[in-house]
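Visitor: I should like to learn how to read the features of this model in order. May we begin with a single pair of residues and then work outwards?

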Amino acid sequence: MAYEKLSRRDIARLVAADIEDGAYVNLGIGIPTLVSGFLPPGRDVILHTENGIVGMGPGDPGAPLDLDLINASKEAVTLLPGASITDHVVSFAMMRGGHLDLTVLGAFQVSEKGDLANWDTGAPDTIPAVGGAMDLVAGARQVYITMEHVTKDGQPKIVRECTYPLTGAGVVDRLYTDLAIIDVLPGGMRVRAMVAGLGFDVLQSLTGCPLELADDCRALAPQ
C-alpha cells in the first residue's frame, strides 16, 4: 500500500500537540523551531531559547526586524507578557540545572538505547556545531527528537549503535520522524504511531534496530 511521508510542518504539529500545559520548553534549530507555530490555542507553554529568552513568542512578519530579538536559529521572535531576557550564563544555568521540562532537538543518529548524535558527522565539508545541545540533554527532564527517518541515501538514522560522536548517552525519550512516532523504553523502541498505509515490516526495514509495535499504535495522516 502506498504511503505519504510527513512534512517538516507535520512533524512539528505532532510534537506541539504532545507538549503538556505549563511546560518550560527549549526548541532547537531546524524542525523544532517550527513547533511554536503549532501550539494549541490556550496551551500555556513557556518557550526558552538558549541565547537568553524565557517566554518567547512567535515572530511578527509585519514588524521591523529587531536583531536583539532572535531565537537560536537567528529567526525573529517576540516577547510574551512576563517574558525575561538573560545573559548566556543564566540561560545555560537554567538548561544545566534541570529547570526545563522538555527540549526538542534534531539528530544525525539515535541509537536503540537513546544515545544521541547531533553535532558532527565527520564529513569534510561540514563544521562541527555543538551549541548548547550537550547542556540541554544533560539537564532537561525529557528529550524529544525530530528528524527524517533515513538519510538522503536511504541509510537508517535510527541504529543499534551511533557511529558519530555522541551528544549524550541514553538521553532520548521519544522520536518524531517523517514516518513514525517512537518511544525509547528500557527494553527497546516501541512504535506508538506511523503514517497511514505504511506497513510495520517496511518501517522495520528502514530502521537499523529492532522495533516493537504498540497495541494502540495509531495512523498518522499528513496535513
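Visitor: Which residue in β7 stands opposite glutamine 109?

Guide: A sound approach is to begin with a residue pair and then ask which strands hold it. This is a predicted model, and in it glutamine 109 stands opposite alanine 117 of β7. The strands concerned are β6 (residues 109–111) and β7, which pair in the antiparallel sense over two bridges.

Visitor: To which sheet do these strands belong, and in what order do its strands lie?

Guide: One reads a sheet by its strand order, and then by its edges. Here three strands form an open sheet in the order β7-β6-β9, with mixed pairing. Its edge strands are β7 (116–117) and β9 (158–159), each of which pairs on one side only.

Visitor: What is the strand order of the open sheet of 10 strands?

Guide: The order is β4-β3-β2-β1-β5-β8-β10-β11-β12-β13, and the pairing is again mixed. At the edges lie β4 (78–85) and β13 (211–220), each pairing on one side only. Neighbouring strands of this sheet are turned by 25° against each other on average, with direction ignored.

Visitor: How many bridges join β1 to β2, and do these strands run parallel or antiparallel?

Guide: To see mixed pairing, one follows a strand to its neighbours. Strand β1 runs parallel to β2, to which three bridges join it. Three bridges also join β1 to β5, and this pair too runs parallel. Asparagine 26 is a useful point of reference: it stands opposite histidine 48 in β2, and its bridge partner in β5 is threonine 103. By contrast, β2 (residues 46–49) and β3 (residues 53–57) pair in the antiparallel sense over two bridges. In that pair, threonine 49 stands opposite isoleucine 53 of β3.

Visitor: Across which strands do helices α1 and α3 lie?

Guide: A helix is placed by the strands it crosses and by its angle to one of them. Helix α1 (residues 8–18) lies across β5 (102–106), β8 (142–147), β10 (174–177), β11 (180–185), β12 (188–195) and β13, and runs at about 150° to β10. Helix α3 (residues 88–96) lies across β1 (24–27), β2 and β3, running at about 120° to β2.

Visitor: What is the volume of the largest pocket, and which residues are closest to its centre?

Guide: For a pocket, one takes the volume and then the lining. The largest pocket has a volume of about 710 Å³. It is lined by 34 residues, of which Ile29, Gly30, Gly106, Asn118 and Ala129 are the closest to its centre. The elements that give two or more residues to this lining are α2 (31–34), β5, α4 (133–139) and β8. By residue class, the lining divides into 16 nonpolar, 12 polar and six charged.

Visitor: Which residues line the second largest pocket?

Guide: Its lining consists of Phe108, Thr121, Glu148, Val150, Thr151, Lys152, Lys157 and Tyr164. These divide into three nonpolar, two polar and three charged residues. The space in this second largest pocket is about 240 Å³.

Visitor: Why is the protein described as being as compact as a globular protein of its length?

Guide: One counts the elements, then compares the overall extent with a rule. The protein has five helices and 13 strands. Its radius of gyration is 17 Å, close to the 17 Å that the globule rule gives for 223 residues, and it is therefore as compact as a globular protein of that length. Along the principal axes, the C-alpha atoms fill a box of roughly 50 × 35 × 35 Å.

Conventions:
Residues numbered from 1 in each chain as written. Predicted model: local features only at pLDDT ≥ 70, side-chain atom pairs only at ≥ 80, totals over all residues. Heavy atoms only, no water. Pairing = 2+ DSSP bridges. Helix = DSSP H or I, 4+ residues; strand = E, 2+ residues; numbered from the N terminus. Axes fitted to C-alpha atoms, helices over the stretch in contact; angles between N-to-C directions. Contact = heavy atoms within 4.5 Å. 1 Å grid on protein atoms, 1.4 Å probe; cavity = no way out; pocket = protein on both sides within 12 Å on 5 of 7 lines; lining within 4 Å. Points joined across faces, edges and corners; volume = space filled by probe spheres on them. Nonpolar A, V, L, I, M, F, W, Y, C, P; charged D, E, K, R; others polar. Rg over C-alpha atoms; globule rule 2.2 N^0.38 Å.
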